[in-house]
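Got your viewer open and a hand on the mouse? Let's take a walk through this protein, one selection at a time.

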Amino acid sequence: MKVSIIVPVYNGADILPVTLSPLFNQDYPKEKTEIIIINDGSTDGTSQVLKSFKYKESIIVISHLKNRGRSETRNSGIKKATGELLIFLDCDIEVKSSFISEHVKYHQYEHTIGVVSHIRTHDSKSKDKYHRYIFFGKRGASIIGENKPLPFNYFIIGCTSVKMDAVQMIGEFDVNLPVYGEDLDFAYRLWKSFPEGLFYSEKIIVYMHKVKSLKDALSNLSQYGQYNVPIILHKYPELAPYMATDFIKSMNGKLSWKVAFGIIFINPIICQLVKWLLYVTPFPLSNILIRYLLGASVAMGYRKFYSQTIT
């Protein structure tokens with residue numbers, strides 16, 4: 001099986017060597033592997049790193065003259081890929097030598113369409129409560145476990161493999177989604193066509209080097225709620241409960257207990273109180289507060305959009 005690894009990069013000069021070097025030391029045949037790097041209008045030294053990289057003859061580089069965003073960048077890689085299996089790899093992920101072969105093993109089964117890797121932090125001693133929630137809390141795909149079909153909302157693109165045939169069937173990433181969070185739209189379309197075909201592997205361990213702060217994550221999610229969520233909901237209104245927007249607006253437009261709850265408990269004042277409480281709440285009890293903050297950020301971002309549409 002030929003494998004195409006698609007690595008989008010934006011201002012990743014400092015981390016690219018960490019990401020790329022292990023890809024050239026895989027136990028999978030090199031003749032069955034292609035590495036596609038998409039430089040999405042970087043303004044740092046990314047171009048120079050790619051030109052000087054010692055394995056530059058073994059990689060395919062696509063350069064965008066200006067930043068086009070996550071969706072278009074991944075689509076550029078898909079269009080160039082010739083593999084039967086696509087692996088989407090964020091530019092700050094370090095993999096093991098068995099990374100490709102482990103993904104290929106899963107895809108030997110015809111019913112397997114996509115596989116999510118087990119992402120860990122390279123800093124195992126991190127005491128940050130948000131980072132501990134992300135990597136050591138019982139959340140996401142780890143709740144489902146291995147060998148069970150994965151719900152679409154846990155199928156996060158970032159270190160994930162998908163069969164090329166499936167991508168050609170459902171279409172590429174939606175370029176109309178301008179900011180963080182384009183995964184949900186793609187994963188939902190994939191799941192609708194292959195509801196039993198998405199899986200999580202606890203054995204394919206990879207390491208993330210650039211982990212966002214809670215502040216940055218909340219900002220990203222607020223933008224997601226304001227800009228991406230309305231577009232996704234227009235196509236798939238049934239996804240409202242997965243994005244916490246049913247706490248802002250009910251599907252029938254009437255006041256519901258969720259909307260009433262959202263009015264009282266999802267607002268900047270409550271969020272600030274929760275942030276203060278987070279400082280003194282020990283892990284893992286702190287996970288409850290972090291979940292609230294993440295969901296509330298999406299909901300309040302959507303509230304900004306919704307308020308503009310009714311005024």
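Start by selecting helix H7, residues 183-193. Its buried residues are Asp-183, Leu-184, Asp-185, Phe-186, Ala-187, Tyr-188, Arg-189 and Leu-190. Eight of the 11 residues are buried, so H7 is largely enclosed by the rest of the structure. Want to see what does the covering? Show helix H3 (70-80), strand S7, helix H6 (164-170), strand S8 and helix H8, which are among the elements that cover those buried residues. Keep in mind as you click around that this is a predicted model.

**Stop two: the nonpolar cores**

Stay with Leu-190 for a moment. Along with Phe-155 and Met-243, Leu-190 has the most contacts inside the largest nonpolar core, a set of 60 residues. Which helix gives the most to this core? That's H11, with nine residues. In soluble globular proteins, nonpolar side chains tend to be buried together.

Now select Phe-155 and show what surrounds this residue. Leaving out residues up to four places away in sequence, Phe-155 touches Gly-114, Val-115, Val-116, Leu-150, Thr-160, Ser-161, Val-162, Ala-187, Leu-190, Leu-198 and Phe-199. Apart from the core you just looked at lies another one, of 33 residues, with Ile-5, Ile-37, Phe-99 and Val-115 among them.

**Stop three: helix H4**

Phe-99 also belongs to the next selection, helix H4, residues 99-106. How many of its eight residues are buried? Seven are, so to speak, under cover: Phe-99, Ile-100, Ser-101, Glu-102, His-103, Val-104 and Tyr-106. Turn on the strands to see the covering: it includes S1 (3-9), S2 (33-40), S4 (85-89), S6 (114-121), S7 (159-163) and S8 (198-208).

**Stop four: where two helices cross**

Next, select helix H5 (residues 129-136) together with H11. Two packed helices are described by the angle between their axes and the distance between the axes. Here the axes come within 10 Å and cross at roughly 90°. That makes H5 roughly perpendicular to H11. To light up the contact, pick Lys-129, Tyr-130 and Tyr-133 on H5, then Ser-286, Asn-287, Ile-290, Arg-291 and Leu-294 on H11. Try colouring by residue type: you'll get four nonpolar, two polar and two charged residues.

While you're at H11 (286-309), slide back into the loop between helix H10 (268-280) and H11, where you'll find Pro-284. A cis peptide bond joins Phe-283 and Pro-284, with omega at about 10°.

**Stop five: Ser-213**

Keep Tyr-130 on screen and add Ser-213. Their C-alpha atoms are 7.5 Å apart, though 83 residues separate them along the chain. Ser-213 is in the loop between S8 and H8, and its relative accessible area of 31% makes Ser-213 partly exposed. Beyond four places away in sequence, Ser-213 touches Tyr-130 and His-131. Look also for the side chain of Ser-213 reaching the backbone nitrogen of Asp-216, at 3.1 Å.

**Stop six: Thr-46 and Asn-11**

Jump to Thr-46, in helix H2 (residues 46-52). Is Thr-46 buried or exposed? At 0% relative accessibility, Thr-46 counts as buried. Its side chain makes a polar contact with the side chain of Asp-44, at 2.7 Å. Past the residues up to four places away, Thr-46 touches Val-9, Asn-11, Gly-12, Ala-13, Leu-16 and Asn-39.

Pick Asn-11 out of that list. Asn-11 is in the loop between S1 and helix H1 (16-20), and has a positive phi of about 50° although it is not a glycine. Asn-11 is partly exposed, at 23% relative accessible area.

Ala-244 is another residue other than glycine with a positive phi, near 65°. Find Ala-244 in the loop between H8 (214-235) and helix H9 (257-265). With 14% relative accessibility, Ala-244 counts as buried.

**Last stop: His-64**

Finish with His-64 in strand S3 (residues 59-64). His-64 counts as buried, at 5% relative accessibility. What does His-64 contact, leaving aside its neighbours within four places in sequence? Select Ile-38, Asn-39, Asp-40, Gly-41, Glu-72, Thr-73 and Ser-76. Measure from His-64 to Ile-38, C-alpha to C-alpha, and you should get 7.4 Å, for two residues 26 apart in sequence.

Definitions and conventions: Residues numbered from 1 in each chain as written. Predicted model: local features only at pLDDT ≥ 70, side-chain atom pairs only at ≥ 80, totals over all residues. Heavy atoms only, no water. Buried < 20%, exposed > 50% of the residue type's maximum accessible area, 1.4 Å probe, protein only. Helix = DSSP H or I, 4+ residues; strand = E, 2+ residues; numbered from the N terminus. Contact = heavy atoms within 4.5 Å. Core = buried A, V, L, I, M, F, W, Y, C linked by side-chain atoms within 4.5 Å. Polar contact = N/O pair within 3.5 Å; in protein donor to acceptor, adjacent residues only side chain to side chain. Axes fitted to C-alpha atoms, helices over the stretch in contact; angles between N-to-C directions. Parallel < 35°, antiparallel > 145°, perpendicular 65-115°, else oblique. Nonpolar A, V, L, I, M, F, W, Y, C, P; charged D, E, K, R; others polar.
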